[in-house]
Amino acid sequence: QVQLVESGGGLVQAGGSLRLSCAASGRTFSNYLGWFRQAPGKEREFVASISRSGSIRSYADSVEGRFTISRDNAQNTVYLEMNSLKPEDTAVYYCAASVSRLGPSTTPGYWGQGTQVTVSS
C-alpha cells in the first residue's frame, strides 16, 4: 500500500507560481511518482511524472517549459513547481504513484486526495 498526501494548492493570479508537494508513505521503493489534474467538467489528465532515480521525467505538452517535477527520496516527497500559471491550469491536482512509468495513457495504482489550484485572470 502507498499513501499520498498533497499540499500547496491555493489561489494565484495568472502569471504567478505555486509549488505542490506530495508526501508518500508505505511501499514507495519501486514507485514512479507523478501528478494528474482534473478541471470542472473535464476528465482527469496527466501532468507530469518522474522515475525513482529522477532520470526520467515526462510532461504534458500543455505544461512543458512551465512546470517542473522533482523528488526527494530521503523525504519520500514529490514536488511540482508551477510557473507562468494560466487560468486554464485551474483544476484539482492529484498526486499519483505507480510501479511502472506514468504517462497520458496509464492508470496509477495509487492516488492522493487532491489539492485545489485556482488561477485567476
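The structure holds three aromatic pairs, where Phe, Tyr and Trp rings (the six-membered ring for Trp) pair if their centres lie within 6.5 Å, planes under 30 degrees apart counting as stacked, over 60 as edge-to-face and the rest as tilted. In one of them, the ring centres of Phe-36 and Trp-111 lie 5.1 Å apart and the planes stand at 75°, so this pair is edge-to-face. Phe-36 belongs to strand 4 (residues 32–38) and Trp-111 to strand 10 (residues 110–111), so that the pair links distant parts of the chain, 75 residues apart. Strands (E, at least two residues) and helices (H or I, at least four) are DSSP runs, numbered from the N terminus.

The model is a predicted one, in which local features need pLDDT of at least 70 and side-chain atom pairs count only at pLDDT 80 or more, whereas totals for chains, interfaces and linings use all residues. Residues are numbered from 1 along each chain as its sequence is written, and side-chain values use heavy atoms, with hydrogens and water left out.

Phe-36 has a relative accessible area of 4% and is therefore buried, the term meaning under 20% relative accessible area, with exposed over 50% and partly exposed in between (1.4 Å probe, protein chains only). Trp-111, with a relative accessible area of 34%, is partly exposed. A further edge-to-face pair is formed by Tyr-94 and Trp-111, at 6.2 Å centre to centre and 85° between the planes. Tyr-94 lies in strand 9 and Trp-111 in strand 10, so this pair ties together parts that are 17 residues apart in sequence. Tyr-94 is buried, its relative accessible area being 13%. Phe-36, Tyr-94 and Trp-111 join Phe-46 in one aromatic cluster.

Two arginine side chains are placed against aromatic rings. The charged end of Arg-44 sits over the ring of Trp-111, 4.4 Å from the ring centre; the criterion is that NZ of Lys or CZ of Arg is within 6 Å of the ring centre and within 35 degrees of the ring normal. The charged end of Arg-19 sits over the ring of Tyr-79, at 4.0 Å from its centre.

A search of the whole structure returns one disulfide, defined as a pair of cysteine sulfur atoms within 2.5 Å. The bond is formed by Cys-22 and Cys-95, whose sulfur atoms are 2.1 Å apart. The link of Cys-22 and Cys-95 is left-handed, with -85° about the S-S bond. Because Cys-22 lies in strand 3 and Cys-95 in strand 9 (residues 91–98), the pair ties together parts that are 73 residues apart in sequence. Cys-22 and Cys-95 are both buried.

Strand 3 also takes part in an open sheet of four strands, which are arranged in the order 1-3-8-7 with antiparallel pairing; two strands pair if DSSP finds at least two bridges between them. Strand 1 (2–7) and strand 7 (67–72) each have a single partner strand and stand at the edges, so one side of each is left without a neighbour in the sheet. Neighbouring strands of this sheet are turned by 20° against each other on average, direction ignored, the axes being lines fitted to C-alpha atoms (for helices over the stretch in contact) and angles running from 0 to 180 degrees between N-to-C directions. Within the sheet, strand 3 (residues 18–26) and strand 8 (residues 77–82) pair in the antiparallel sense over six bridges. Ala-23 has Thr-77 of strand 8 as its bridge partner. Glu-81 is likewise placed in strand 8 and counts as partly exposed at 29% relative accessibility. The C-alpha atoms of Glu-81 and Pro-104 are 19 Å apart in space, with the two positions 23 residues apart in sequence numbering.

Strand 11 (residues 115–120) is joined to strand 2 (residues 10–13) by four bridges, and the two run parallel. Gln-13 stands opposite Ser-120 of strand 11. Strand 9 is joined to strand 11 by three bridges in the antiparallel sense, with Ala-91 opposite Val-117. The covered face of strand 11 consists of Thr-115, Val-117 and Val-119, and the uncovered face of Gln-116, Thr-118 and Ser-120.

Ser-49 is located in strand 5 (residues 45–50) and counts as buried at 1% relative accessibility. A polar atom of the Ser-49 side chain lies 2.9 Å from the backbone oxygen of Leu-102.

Key. Polar contact = N/O pair within 3.5 Å; in protein donor to acceptor, adjacent residues only side chain to side chain.
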